[in-house]
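Hi,

Here is the structure I said I would pass on. Have a look at it first, and then read my notes below.

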Amino acid sequence: MTPVPGSTIRIESYKHDQSLHRIWDKSTLIHTSDAVVIGGNNRVKVTEADGREWRTREPAICTFGRGQWFNTIAMIRDDGIYYYCNLGSPFTLKGQLLSYIDYDLDVKVFPDMTYTILDEEEFLMHSKQMKYPPFVVERVQLALQEVIEWVRARRGPFQNGFVQRWYDRYLLVRDDEE
C-alpha cells in the first residue's frame, strides 16, 4: 500500500555492499506521484551506522525524484535555504520505508546557489573497496553533473518558491508530535 500525505515514513540509506549507512527515524510524507516523493521533517532523530544518534537542527524538505541518482534535503535556516544533495541509487518506497544506496558524493548548495562537491576521496576509496561496477560510477558522475545543472538553472527543488511551497504544505499535514 502506498503511503498517503500526512503519513510517516522512515528513510534508510545503505552503502553499495548493503551495509546500513544512516536512518532518518521519521519524515512526514507531503506528496507522492509517478515523478517524485516529497517529505518533510523537523528535529528528526538520525541514527548512523555505528549507532551514534543525533537530531537535525531545522525543518527540512526532502525530494526524491523517481529514477534519479540523487536526492535533496533542503534545510530551512534563519539565513536562507541550504541544500544537501546525496548522490545515490534511485529510491524504493515499500510501505512506510523509503530506501536507497548512498554513493558517497554529495553537493552542498548555499542560499546564494554557490555549491561545494563533498567526499570525492570517499567515493574513489569506496568505488575500489566495494568494486562499484563501471555503470554505477558512470551514473553517479552523470548525476553529479545533473545536480550542478539543476542548481545553475534553478530547476526542481532549487527553483524559487519550491521549498517554501512544500514547507507550507508540510505544516498542514505533519504529525503534531514533530
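To start with one residue: does histidine 126 count as buried or exposed? Histidine 126 has a relative accessibility of 11%, and since buried means under 20%, it counts as buried. Bear in mind that this is a predicted model, so that goes for everything below as well. Histidine 126 sits in helix H1, which runs over residues 120–129. Leaving out residues up to four places away in sequence, its contacts are Lys15, Asp104, Lys131 and Tyr132.

Arginine 57 is a good counterpart. You'll find it in the loop between strand S5 (53–55) and S6, and it is exposed because its relative accessible area is 63%, with the cut-off at over 50%. With residues up to four places away in sequence set aside, arginine 57 touches Arg43 and Arg77. Arginine 43 is 14 residues away from arginine 57 in sequence, yet their C-alpha atoms are 5.4 Å apart.

Now the helices. Helix H2 covers residues 134–153, and its 20 residues should span 28 Å at 1.5 Å a residue; the end C-alpha atoms are indeed 28 Å apart, so the two values agree. Its buried residues are Val136, Val140, Ala143, Leu144, Val147, Ile148, Trp150 and Val151. These cover an arc of only 160° around the axis, so they are on the same side of H2. That fits the usual geometry: an α-helix has 3.6 residues a turn, so residues three or four places apart point the same way. The face turned away from the buried side of H2 carries the exposed residues Pro134, Phe135, Glu138, Glu149, Arg152 and Ala153. As for what covers the buried residues of H2, the list includes S7, S8, S10, strand S11 (115–118) and H1. Just after H2, arginine 154 has a positive phi of about 55°.

Helix H3 (residues 162–173) gets a similar check: its 12 residues should span 16 Å at 1.5 Å a residue, and the end C-alpha atoms are 17 Å apart, which agrees. Phe162, Val163, Trp166, Tyr167 and Tyr170 are the buried residues of H3. They take up an arc of only 115° around the axis, which puts them on the same side of H3. Their cover includes strands S2 (20–32), S3 (36–42), S6 (59–65), S7 (70–77) and S8 (80–88).

Last, the pockets, in case you want to look at them. The largest pocket holds about 450 Å³ of space. It is lined by 22 residues, and the closest to its centre are Arg22, Trp54, Ile73, Met75 and Tyr84. Two or more lining residues come from each of S2, S6, S7, S8 and strand S10 (97–109). By type, the lining of the largest pocket has 7 nonpolar, 4 polar and 11 charged residues.

The second largest pocket has a volume of about 170 Å³. Of its 13 lining residues, Ile81, Tyr83, Met113, Phe158 and Asn160 are the closest to the centre. S8 and H3 each supply at least two residues of that lining, with H3 giving the most, at 3 residues. Here the lining of the second largest pocket divides into 8 nonpolar, 4 polar and 1 charged.

Cheers

Technical notes: Residues numbered from 1 in each chain as written. Predicted model: local features only at pLDDT ≥ 70, side-chain atom pairs only at ≥ 80, totals over all residues. Heavy atoms only, no water. Helix = DSSP H or I, 4+ residues; strand = E, 2+ residues; numbered from the N terminus. Expected span 1.5 Å × (residues − 1). Buried < 20%, exposed > 50% of the residue type's maximum accessible area, 1.4 Å probe, protein only. Arc of directions from axis to C-beta. Contact = heavy atoms within 4.5 Å. 1 Å grid on protein atoms, 1.4 Å probe; cavity = no way out; pocket = protein on both sides within 12 Å on 5 of 7 lines; lining within 4 Å. Points joined across faces, edges and corners; volume = space filled by probe spheres on them. Nonpolar A, V, L, I, M, F, W, Y, C, P; charged D, E, K, R; others polar.
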